[in-house]
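Here are some notes to read alongside the structure, set out as numbered points. Please keep the view open and follow each point in turn.

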Amino acid sequence: MNLKERFSLSRFVSGEKAVDAPVTLNHRRIFILPTQRGLGFVLLITVLLLIAFVYNNNLAYMLAFLLASIFFITILHSYKALAGLVVQKGRSKAVFAGEAAGFDIHINNPTDRERQIHIKLQDAQNLAIEAHSTEHVTLYSITQKRGWHPAGSVTLSSTYPLGLFRAWSPIRFELKALVYPKPAHLEIPFPKTSSAQAQQGFSRKGADDFYGLQEYQSGDSIKHIHWKAFAKGLGVFSKQYGGEQSLEEIRLDYEHAPGHNIEERLSQLCRWVVDAEQAGIRYGFALPGLTLPPDHGLAHYRKCLEALALF
């Protein structure tokens, strides 16, 4: 590390370059500054020294030097509160946009001392780590848009033992979570592709799981009318419920997804994928440059959502 990187301000705030390997906290990664209480302590020592100098009072000198020695010894103990800890990244789970992405962090304390520390990503958590033990913690970060969401800097800190100093260490890992598009709130019928037309609306209706909408037909119960869609001027639709027999196969295509822009169309496709999977329907999936044959299940579900997230 050259001098420019060593004294870069970002290093004190966000840490060094992102890494994959476990990080051991040492003198290069731990930073220490006085807290507000520590600055008040310095002011007290200064006042005592002034009193001792003005009145030539040996007892005042002794008290000032005693407090000063405590102040400087505390620096060492503040450093030892973090020194030697080994921090390692864990896993992250995919979420929908707007949800909090969770990142697993593992902290190993190989020493004989118990540690009391704070760990922070967006919100801080207090941790008590026993000697020769490992603590597992999940940190959360709110997502805003689809795609890869990096974890950012994880900061470990401590004000042990007297609160006069804050020791902290910002760490960046090569850790990110996949963020799916946020499913559209509005329930719109599956697209009327050839396969969907052949299947949609012919399942046995009952009072079981809701699987989608279809255009209102004469004879449909008024209780099944989707009034929210009607109020928004989208037309008259009736809710469809599936019993043991569900829709066999539909095709979810980007070309048939409504929306004013790419994100709205991906959001609607995401809603269809979620609804189709929950209803147990076999569904094909198509994006420009990608076509997946009809299937269902967790693996197919994740493939579709990943394709939407990275489109």
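1. In what order do the three strands of the open sheet stand? In this predicted model, the order is β15-β16-β17, and the pairing among these strands is mixed. As background, strands of a sheet pair through backbone hydrogen bonds, either parallel or antiparallel.

2. The edges of the sheet are taken by β15, residues 249-253, and β17, residues 290-295; each has a single partner strand, so one side of each is left without a neighbour in the sheet. From one strand to the next, the twist averages 10°.

3. Strand β16, which covers residues 282-287, pairs with β17 in the antiparallel sense, and four bridges join the two. If you wish to find one pair of residues in the view, take Phe285, whose bridge partner in β17 is Leu292.

4. Two helices pack on this sheet, and their directions can be described relative to β16. Helix α7, residues 262-279, touches β15 and β16, and its direction makes about 165° with that of β16. Helix α8, residues 298-309, touches β16 and β17, and its direction makes about 20° with that of β16.

5. Away from the topic of the sheet, please look at the surface, where Leu43, Val47, Ile51, Phe53, Val54 and Tyr55 form a nonpolar patch whose accessible area comes to about 680 Å² together. Is Leu43, one of these residues, buried or exposed? Leu43 lies in helix α3, residues 36-55, and has a relative accessible area of 54%, so it counts as exposed, the cut-off for that word being over 50%.

Key:
Residues numbered from 1 in each chain as written. Predicted model: local features only at pLDDT ≥ 70, side-chain atom pairs only at ≥ 80, totals over all residues. Heavy atoms only, no water. Pairing = 2+ DSSP bridges. Axes fitted to C-alpha atoms, helices over the stretch in contact; angles between N-to-C directions. Contact = heavy atoms within 4.5 Å. Patch = residues over 30% accessible without salt bridge, like charges linked within 9 Å, V, L, I, M, F, W, Y side chains within 5 Å. Areas by Shrake-Rupley, 256 points an atom, 1.4 Å probe, with all protein chains shown as cover. Salt bridge = Lys/Arg side-chain N within 4 Å of Asp/Glu carboxyl O. Buried < 20%, exposed > 50% of the residue type's maximum accessible area, 1.4 Å probe, protein only.
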